[in-house]
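Got a new structure open and not sure where to look? Let's walk through it together, one question at a time.

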Amino acid sequence: MSSSKLLRGTFILTFGVMLSRILGLIYVFPFEALVGDRGGALYAYGYVPYTIFISVATMGVPLAVSKFVSKYNALGEYRVGRRLFKSGLLLMSLTGLISFLILYSIAPMIAPLIISDGGKGNTVEDITTVIRAVSFALLLVPVMSLIRGFFQGHESMGPTALSQVIEQLVRIIFLLASCYVVLEVLNGSIVTAISLSTFAAFVGAAGGLALLIWYWFKRKEHLDELLAKDNGQLHPSLKEMYKELIKYAAPFVFVGLAMPLYQLIDLFTFNRAMASIGMADISEKAYAIFNIWVQKLIIIPVTLATSFSLTLIPAITKSYVERNRKLLRKQLNQTFQVMLFLTLPAVVGMALLAEPVYAAFYGYDELGSQVLRWYAPTALLFALFSVTSAVLQGINQQRFTVIGLAMGLFVKLTFNYYLITKFATIGAILATTLGYFISVAFNLWIIKKYAKYRYRLVFRRTILMGIFTVMMSLVVSVVVFLLKAVLHYNGGKLDSILLVGAGAAVGAGIYFYLSYRSELLERLFGSRFPLLNRKKTKKAVS
């Protein structure tokens, strides 16, 4: 694969993931305005179990199949990948059907574990209905994942990227339209609206799958031409192929399950812990704020790091296999520094502007602002976990990702209920932060041990970024303070948008200016963006 084609494919896939996630963020704001906190909590009650099931049902298929097909294509054994694809379609259809039947059947058993009847909010019957509505998506998503992985293995990123965007667009349009019609036109119940909102996952999957099928027929002639060039030297059995595939897929399954598993712990403990300290009345509101509304905001800085981490594996794997330690160190230095450079100021800025940020998107809410202020810094750990897990995959130590995740989940499970009883909603955030910290620390230690990597340069640069972030924060604090006085700020949406816009613009300007003057930008991005090279710029001017 040529370097230009690799970069083009990486850009297309990264852009598709980014756009899909941005769309997945934007819809939340009108959705929250339509359904409120009770509807948001009910939506989360249905979606968290579904996310667990979909991760298991797809089994890390897209990236694993991509790696498998790419390997055998490079050997000229195109028929091996096609055999896997054909049998995989049947297997994914079967796992999807089984997952759907299980989730649909056990919904009445899951619901009582989430909440007890008798309160003023959602009921066990409501939660059961919503879980069953979202379970239908399990019939289509695994098959769609397999087809995406097959195309990626043929170095074709367009079908995956575009199908992700179409899937998200169709889902969001159906979700918002159905909610609006049920609640505003028909004056229907919130349970009906949320059931249709979660069923939108099935509708979106149908849209994404339809596009992939169109791509298949469009490109079948080219794929058949590759089959004609097959060397025919390797004939692994289906058992051997799936054994190899599972080896590739297992780490992706657990990495993909990280956040859903943390959410699952909250799902089964949050409401009961809040009720035990006499806060049952606001429990569902707090849960919606913590697990839906705020999480959608803090995931923004993580999105770029997550997309970036998925592109690391091939380059790092190549350097590791070739035992090119110098290049591997350079790649790891670049990876960690770029991730920290982009994420650190973003999460600090979001925490600093928590009140106007939350008000700008959802309307003023004291609890929402407090939760965002505490939760934003945890996004840095989310990004680090994503990147370190990708690095471990690249250096063929993916088994340790599972161990690190298990350690973090154990910490979350151990302390979650206790911390919630002590600090209410903030306790759940503290338990999540502590769990991710343990996982990230473990991953970093394994990378140091097996890649023979030292963090000295990254540590020094992180201190520099931290100094710039502090300076940025001081300036932004002054600007926001003055603007609040001028605007007579009282939490209004328009004023909040102005504050966030001004704060973000000033903060980004200060941070990038300091980075440019210190030549940090040049060292991180100079080779990709010549304009950031201060020395060359000075010569050109003179």
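**A buried acid and its neighbours**

Asp365 is buried in this predicted model, with a relative accessible area of 15%.

Q: Which residue meets the side chain of Asp365 in a salt bridge?
A: A salt bridge here needs a Lys or Arg nitrogen within 4 Å of a carboxyl oxygen of Asp or Glu. The N to O distance for this pair is 2.9 Å, so it fits that limit. The partner of Asp365 is Lys285.

Q: How many residues apart in sequence are the parts that Asp365 and Lys285 tie together?
A: Asp365 sits in the loop between α13 (354-362) and α14, while Lys285 belongs to helix α10 (residues 280-310). The pair therefore joins parts of the chain whose separation in sequence is 80 residues.

Q: Is Lys285 buried, partly exposed or exposed?
A: Buried means under 20% relative accessible area and exposed means over 50%. Lys285 has a value of 31%, so it falls in between. That makes Lys285 partly exposed.

Q: Which residue has the backbone nitrogen that a side-chain oxygen of Asp365 lies 2.9 Å from?
A: Asp365 has another job in the geometry, as the cap on the N-terminal end of α14. The helix itself covers residues 366-375. The backbone nitrogen in question belongs to Leu367.

Q: Which residues of helix α14 are buried?
A: Start with the capped end, where Leu367 is on the list. Further along, Leu372 is on it too, and that residue is also among those with the most contacts inside the largest nonpolar core. In full, the buried residues of α14 are Leu367, Gly368, Ser369, Val371, Leu372 and Tyr375.

Q: How many of the 9 residues of α13 are buried?
A: Now go to the other side of the loop that holds Asp365. In α13, the buried residues are Ala354, Pro356, Val357, Tyr358, Ala359, Ala360 and Tyr362. After the helix comes Gly363, whose phi is positive, near 95°. The helix is mostly covered, and the buried count is 7.

Q: Where does the salt-bridge partner of Lys412 sit, and which residue is that partner?
A: Lys412 lies in helix α16 (residues 399-423), and the pair links parts of the chain 146 residues apart. The closest N and O atoms are 3.0 Å apart. The partner sits in helix α9, and its name is Asp266.

Q: Are Lys412 and Asp266 buried or exposed?
A: The cut-off for buried is under 20% relative accessible area. Lys412 comes in at 0% and Asp266 at 2%, so each one is below that limit. Lys412 and Asp266 are buried.

Q: Which residue's side chain makes a polar contact with the side chain of Asn271?
A: Stay in helix α9, which runs over residues 238-276 and includes Asn271. Asn271 counts as buried, at 8% relative accessibility. Leaving out residues up to four places away in sequence, Asn271 touches Tyr45, Ile114, Ile115, Ser283, Glu284 and Tyr287. The side-chain polar contact, at 2.4 Å, is with Ser283.

Q: How many residues are in the largest nonpolar core?
A: In soluble globular proteins, nonpolar side chains tend to be buried together. Here, the residues with the most contacts inside the largest core are Phe31, Tyr45, Tyr50, Trp293, Ile298, Leu332 and Leu372. One of them, Tyr50, touches Leu103, Val134, Ala137, Leu138, Val141 and Ala201, not counting residues up to four places away in sequence. The size of this core, in residues, is 160.

Q: Which residues form a nonpolar patch on the surface?
A: Not every nonpolar side chain is tucked away: Val185, in helix α7 (residues 158-185), is exposed, with a relative accessible area of 52%. Val185 belongs to a patch with about 400 Å² of accessible area together. Its members are Tyr180, Val181, Val185 and Leu186.

Q: How many helices does the protein chain have?
A: Step back to the whole chain: of its 542 residues, 54% count as buried. Among contacts with a separation of 6 or more, 83% come from residues 24 or more positions apart. The secondary structure has 0 strands, and the number of helices is 21.

Notes:
Residues numbered from 1 in each chain as written. Predicted model: local features only at pLDDT ≥ 70, side-chain atom pairs only at ≥ 80, totals over all residues. Heavy atoms only, no water. Patch = residues over 30% accessible without salt bridge, like charges linked within 9 Å, V, L, I, M, F, W, Y side chains within 5 Å. Areas by Shrake-Rupley, 256 points an atom, 1.4 Å probe, with all protein chains shown as cover. Helix = DSSP H or I, 4+ residues; strand = E, 2+ residues; numbered from the N terminus. Buried < 20%, exposed > 50% of the residue type's maximum accessible area, 1.4 Å probe, protein only. Core = buried A, V, L, I, M, F, W, Y, C linked by side-chain atoms within 4.5 Å. Contact = heavy atoms within 4.5 Å. Polar contact = N/O pair within 3.5 Å; in protein donor to acceptor, adjacent residues only side chain to side chain.
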